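Please work through the exercises below with the sequence and the coordinates at hand. Each task is followed by a stepwise solution.

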Amino acid sequence: MSTIVDFMGGNHRACDDLFAAAEVAASQKNWDSARSLFERFQAAMTHHLAMEEKVLFPAFEARTGMSMGPTQVMRMEHEQMRGLIQEMAGAVASADHDRYLGLSETLNMLIQQHNLKEENVLYPMSDQMLGGELDDLLRSMEAVSTEPEAP
């Protein structure tokens, strides 16, 4: 059995690796590679955020009764990240070197601070509170869809 700290921390590192690779390609103005790597990063981040927002956060909130605590802060930061990622998508599509790298620096700072809070506070609390449900919870997170829900 894995833990939320291990599973989601590993997912953070996978997203970080794609992010760094896209940044290197953009800094070298290798736009074909930068676009491809950025698309993979964007998809990985979309899945990561969906795992948290659709599965982990609701389970944590149901167990603890805290809906205005750490999960609320994480959701707000997710929205900030989504906005920056959207802006970066435009910059990589138009091969705007300076804009992409400026946005990348901002997003990197936000992600690193965000990940520290999750890995040092929220995930350990989740492991403690949701211990008996970990296997089912991890399977549900892996299977989460990133497709928009039908109206």
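The exercises concern helix packing, nonpolar cores, single residues and loops in a model that is predicted.

**Exercise 1.** Determine how the axes of helix 1 and helix 4 are oriented, and classify the residues in their contact.

*Solution.* Step 1: helix 1 covers residues 4-27 and helix 4 covers residues 97-129. Their axes come within 10 Å and cross at roughly 175°. Step 2: an angle over 145 degrees counts as roughly antiparallel, and helix 1 is therefore roughly antiparallel to helix 4. Step 3: sorted by class, the contact of helix 1 with helix 4 comprises 12 nonpolar, 9 polar and 7 charged residues.

**Exercise 2.** Carry out the corresponding analysis for helix 1 and helix 5, and state the handedness of the crossing.

*Solution.* Step 1: the axis of helix 5 (residues 134-143) and that of helix 1 come within 11 Å, with a crossing angle of roughly 20°. Step 2: angles under 35 degrees count as roughly parallel, so helix 1 and helix 5 are roughly parallel to each other. Step 3: the crossing of helix 1 past helix 5 is right-handed. Step 4: from helix 1, Ile4, Phe7 and Met8 meet Leu134, Leu137, Leu138, Met141 and Glu142 of helix 5. Step 5: by class, this contact of helix 1 with helix 5 holds 7 nonpolar, no polar and 1 charged residues.

**Exercise 3.** Describe the largest nonpolar core and identify the helix that gives the most to it.

*Solution.* Step 1: the largest nonpolar core contains 24 residues. Those with the most contacts inside this core are Phe38, Phe41, Met45, Met88, Tyr100 and Leu107. Step 2: at least two residues of this core come from each of helix 1, helix 2 (31-64), helix 3 and helix 4. Step 3: helix 2 gives the most, with 7 residues. Step 4: beyond its neighbours within four places in sequence, Met45 contacts Cys15, Met81, Ile85 and Ile111. Step 5: another core lies apart from this one and has 18 residues, including Ala50, Val55, Phe57 and Met141.

**Exercise 4.** Assign His78, Asn115 and Thr106 to their helices, and decide whether each is buried, partly exposed or exposed.

*Solution.* Step 1: His78 belongs to helix 3 (residues 70-93). Its relative accessible area is 0%, so His78 is buried, the limit being under 20%. Setting aside residues up to four places away in sequence, His78 touches Leu49, Glu52, Glu53, Phe57, His114 and Glu118. Step 2: Asn115 lies in helix 4. With 7% relative accessibility, Asn115 is also counted as buried. On the same exclusion of residues up to four places away in sequence, Asn115 touches His12 and Asp16. Step 3: Thr106 is likewise placed in helix 4. Because its relative accessibility is 44%, Thr106 counts as partly exposed. Step 4: Thr106 and Leu137 are 31 residues apart along the chain, and their C-alpha atoms are separated by 32 Å.

**Exercise 5.** Locate Lys29 and Ala95, and give the backbone phi and the exposure of each.

*Solution.* Step 1: Lys29 is in the loop between helix 1 and helix 2. Its phi is near 60°, a positive value in a residue other than glycine. Step 2: a relative accessibility of 53% makes Lys29 exposed, as the limit is over 50%. Step 3: Ala95 occupies the loop between helix 3 and helix 4. Ala95 is not a glycine, yet its phi is positive at about 55°. Step 4: with 31% relative accessibility, Ala95 counts as partly exposed.

Technical notes
Residues numbered from 1 in each chain as written. Predicted model: local features only at pLDDT ≥ 70, side-chain atom pairs only at ≥ 80, totals over all residues. Heavy atoms only, no water. Helix = DSSP H or I, 4+ residues; strand = E, 2+ residues; numbered from the N terminus. Buried < 20%, exposed > 50% of the residue type's maximum accessible area, 1.4 Å probe, protein only. Contact = heavy atoms within 4.5 Å. Axes fitted to C-alpha atoms, helices over the stretch in contact; angles between N-to-C directions. Parallel < 35°, antiparallel > 145°, perpendicular 65-115°, else oblique. Nonpolar A, V, L, I, M, F, W, Y, C, P; charged D, E, K, R; others polar. Core = buried A, V, L, I, M, F, W, Y, C linked by side-chain atoms within 4.5 Å. Left-handed = near helix turned anticlockwise from the far one by under 90°.
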